[in-house]
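Please open the model in your viewer and keep the selection tool at hand. The tour below goes from stop to stop, saying at each one what to select and what is found there.

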Amino acid sequence: MDNRKNIAKTYDPKQVEDRLYKKWMDKGYFHAEIDKNKKPFTIVIPPPNITGQLHMGHALDNTLQDILIRWKRMQGYCALWLPGTDHASIANEAKIVEAMAKEGLTKEMIGREKFLERAWEWKKHYGGRIVEQLKKLGSSCDWDRERFTMDEGLSRAVKEVFIRLYKKGLIYRGERIINWCPKCNTSISDAEVEYEEQQGSFWHIKYTVKDSDEYIVIATTRPETMLGDTAVAVHPDDGRYRHLVGKKVILPLINREIPIIADEYVEKDFGTGAVKITPAHDPNDFEVGLRHNLPQIRIMNDDATMNENAGQYQGMDRYEARKRIVKDLEQLGFLVKVEGHTHNVGTCYRCGTVIEPLISKQWFVKMKPLAEPAIEIVKNGTISFVPERFSKIYFNWMENIQDWCISRQLWWGHRIPAYYCQECGHMMVDYDMPDVCPKCGSSRIEQDPDTLDTWFSSALWPFSTLGWPDNTEDLQYFYPTDVLVTGYDIIFFWVARMIFSGVEHMGKEPFKYVFIHGIVRDALGRKMSKSLGNGIDPLEIIDRYGTDALRFALTIGNSPGNDLRFSDEKVEASRNFANKIWNASRFVLMNFDDDIDFSKVDEGKFTLPDKWILSRINALTREVTENMEKFELGIALQKVYEFIWEEFCDWYIELVKPRLYDRDSEGRLEAQFVLNYVLGTAMKLLHPYMPFITEEIYTHLINDDESIMISKWPEYNEKYSFPEEEKKMRIVMDAIRNIRNIRAEMNVPASRKAKVIFVTADGENRNILMGGKSFFERLAGASEIAVQADKSGISSDAVASIIEGAEIYIPLEDLIDIEKEIERLEKEKANLEKELERVNGKLNNAGFVAKAPAKVVEEEKAKKVKYQDMYDKVVERLKALKKQ
Ligand SMILES: [Zn+2]
Ligand SMILES: [Zn+2]
């Protein structure tokens, strides 16, 4: 127990954090062992990219998860925070390709097998980095259960899901319009397309009707796609074109004849009312094409150069072809006009390249049947979004959902378990590659070269990580999980897909709450970005200020779903708070005796301040727990912060000092007990937010716990509820505050004591104020205290202030030395007279007023008003003082 006084003089996070984290790991506190006597509480981590680097977004997301899990663990739940990483196929493949390019290599040059060897090497090299960084953040994850989206178990889950959905007819392979990124050289899903406003043009082009003088004008933003037109469409009710339906137009430049068709998809009143139909390069045209049995002519290669169907433009890049086509149309007289036009252009979320909608043979998940129950489970409240408003985004996405393109032309990822007979073309979907084709008996079988969208595996994360498809004990105990903590930017990508996957494969929601947080912005409210160079590295912050300070700054005052601003001042304030706690705790510990024995505490000796602070921490415990249950973590922290800083440090410690300093004072042991109890409870309430400093302090305090991490979360304790004493103390504190304000306003030095007279007719208040005598003397510079029922005997110039139920008077001569004050004011009066004389001299000088710039004259006039005002006040004050 004598280590209590060995506590370091100042708090140095570097001396504490790594040591404590290691202690927690060694003791196995993070590990969640199934315990049927406890209720489970489960969070699965949003798995960061295996080669990612911890950024502020991760820091916020994981701090919030750690707060919840530490809190629930202390509440006695079997709390599991399941960690892991994601293979992030598109992002990582791009990085590996980039690195290979530096060696002059391409994927094709080294082949699939060698490429994957490199990718796994890459994973081995960088894969542990983000995990180590999460540990620096204090994350209390169950590292024994760490998973990776491409580990054996999860890969099995992915295969199982693919095969199940395929057998149910919910996964199909088909020709569809997909979003193609020519730079990443892969298809991407709708959710991966980012729209940005761009300045473009509307080109109006003339299509001549065959065997006629008539022509139809169509407008397009992508004139190069006309090479793939297979019809012109008009609305069936459009009188202008009715006579032309069924006829043909001649496509300029390549002179192909295409039909004029009628389809209700066309908007009669938009533009000319006639549109070109390019089924291979536009999702709507694709649908029209299916209805009318139109051919699909793809005119571009995967790298966005024009292909053999583009005639003379073959080999050109899409934008070069566009220029040439426009020029040729103009020369041949087919270009009617060009209009400037702002439109939303889809770009690749990964590389920013403009995506090309094009027809491609891909694998899709049929979404409608999966979306319906997933919408229902949120509508009926089984899953709640926090804050609720984010459910709208979810519903909007799910209700308008298109089939999900899941195949990617990438090598790093889960390879699609489909196999093709090279002899007869028969397709098989199976767990393993079949030896022979069941149709023709050939053994020439090849697997589909594509891999699955990364989100296909992360959609299964809440159950695949717990052992699914096996019905493991973990799965039975920890599923459904409780809370998913994530940013609003991945509601489509991830949250929505986990929900329908959980419902489909587990028959149950994957989690009960989706706790959404905002993004971390810089001090000016801007998004952190590479181009602005305003990113803040959380590891650097940890290095400079400590992990607790970072976590505090990310959480304080922040509310669910809202963005927050991060600034140096904020972390500095957080560090200052840590120092304040440290100093207060050190003071408490230094005032414990070596032979302290709380079994001898006599609760009957609790004083007014003791009961007040016990009652306050009791109320705080209840409020903070309620806030946390509503995910109001920032508000809860704010309350703990204010309690520790103001009520505990600034008030209670000051109030009990005399009892501590005097070894023989009555109630000394009780004061020590209350300090230990309240500080220990406050540390517990703060622990989820600032795990390190609270552990370091708590283990120095007097208790039976080997760690605050596994100590019991405080509960409201009726025994320590003292509403009467709280009220009394509030009156005393209000009075002290008011007296201090008066003294501060009048610049009264601390050494100067003054008599304080309270006037109150209320007998109870009278007792309360008399009882506070020693506090007024010590904390409010009172020389003596009087409490009386009326104002008799109080001089009219006494300084007054009012608190609830009483008036406060302090005789003026007690606060200031009247002779000296008169002397000072006389001097000030003389100075002001001089100033006024100078200003008046200037303003009465006609030459100055005429010649000086108007602004200068105005300034002088303003000065005159100001000095006159000050002068009047000084004179008035002097008059009052001289009356004494
Ligand atoms: Zn891209
Ligand atoms: Zn075959």
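Which residue in S16 is the bridge partner of Phe364? Select Phe364 and look across to S16, where its bridge partner is Cys405. Before going further, please keep in mind that this is a predicted model.

**The open sheet**

Now widen the selection to the sheet around that pair. S14 and S16 run antiparallel and are joined by 2 bridges, and they belong to an open sheet of 4 strands, in the order S6-S5-S14-S16, with antiparallel pairing. If you colour strand S6 (186-188) and strand S16 (404-405), you will have marked the edges of this sheet; each of them has a single partner strand, so one side of each is left without a neighbour in the sheet. Next select helix H6 (residues 283-292), which packs on the sheet and touches S5 and S14, its direction making about 140 degrees with that of S5.

Continue past H6 to Asn293, in the loop between H6 and helix H7 (318-331). Its phi is near 60 degrees, a positive value in a residue other than glycine, and with a relative accessible area of 71% Asn293 is exposed. Most residues other than glycine have a negative phi.

**The zinc ion, ligand 1**

Select ligand 1, a zinc ion whose protein donors are the SG atoms of Cys181, Cys184, Cys348 and Cys351, lying 2.2 to 2.4 Å from the metal. The angles among the 4 donor atoms are 101 to 114 degrees, and the site is tetrahedral. Along the sequence, the donor residues follow the spacing C-x2-C-x163-C-x2-C. Cys181 lies in strand S5 (residues 171-181), whereas Cys351 lies in the loop between strand S13 (335-348) and strand S14 (356-365), so this pair ties together parts that are 170 residues apart in sequence.

Is Cys181 buried or exposed? Cys181 is buried, with a relative accessible area of 0%, while Cys351, at 28%, is partly exposed.

**The zinc ion, ligand 2**

Move on to ligand 2, a zinc ion coordinated by the SG atoms of Cys421, Cys424, Cys437 and Cys440 at 2.2 to 2.3 Å. Why is the arrangement around this ion called tetrahedral? The reason lies in the angles that the 4 donor atoms subtend, which are 101 to 117 degrees. The spacing of these donor residues in sequence is C-x2-C-x12-C-x2-C. Because Cys421 is in strand S18 (residues 418-421) and Cys440 is in the loop between strand S19 (427-429) and strand S20 (445-447), the pair ties together parts that are 19 residues apart in sequence. Cys421 is buried, its relative accessible area being 3%, and Cys440 counts as partly exposed at 39%.

**The hairpin of S7 and S8**

Select strand S7 (residues 193-209) and strand S8 (residues 215-220), which run antiparallel and are joined by 6 bridges. One place to look is Tyr207, whose bridge partner in S8 is Ile216. There are 5 residues between the strands of this hairpin, and Asp211 takes a positive phi near 55 degrees there. Asp211 lies in the loop between S7 and S8 and counts as exposed, at 74% relative accessibility.

**Two packed helices**

How far apart are the axes of helix H2 (residues 56-74) and helix H15 (residues 547-555)? They are 10 Å apart, and the helices pack at an angle of about 95 degrees, which makes H2 roughly perpendicular to H15. To display the contact, select Met56, Ala59, Leu60, Thr63, Leu64, Asp66, Ile67 and Arg70 of H2 together with Leu550, Arg551, Leu554 and Thr555 of H15.

**Three prolines to finish**

Select Pro387, in the loop between strand S15 (384-386) and helix H9 (390-399); the peptide bond that leads to this residue from Val386 is cis, with omega near -5 degrees. Another cis peptide bond joins Tyr479 and Pro480, with omega about -5 degrees, and Pro480 is found in the loop between helix H12 (473-478) and strand S22 (481-487). Most peptide bonds are trans.

The last stop is Pro749, in the loop between helix H21 (723-745) and strand S26 (754-759). Pro749 is partly exposed, with a relative accessible area of 43%. Draw a C-alpha to C-alpha distance from Pro749 to Gly781, and the two residues, 32 apart in sequence, are 9.5 Å apart in space.

How values were computed: Residues numbered from 1 in each chain as written. Chains lettered and ligands numbered in written order. Predicted model: local features only at pLDDT ≥ 70, side-chain atom pairs only at ≥ 80, totals over all residues. Heavy atoms only, no water. Donors = N, O, S within 2.8 Å, 3.2 Å for Na, K, Ca; no water. Tetrahedral: all angles 85-135°; square planar, octahedral: opposite > 155°, others 65-115°. Buried < 20%, exposed > 50% of the residue type's maximum accessible area, 1.4 Å probe, protein only. Pairing = 2+ DSSP bridges. Axes fitted to C-alpha atoms, helices over the stretch in contact; angles between N-to-C directions. Parallel < 35°, antiparallel > 145°, perpendicular 65-115°, else oblique. Contact = heavy atoms within 4.5 Å.
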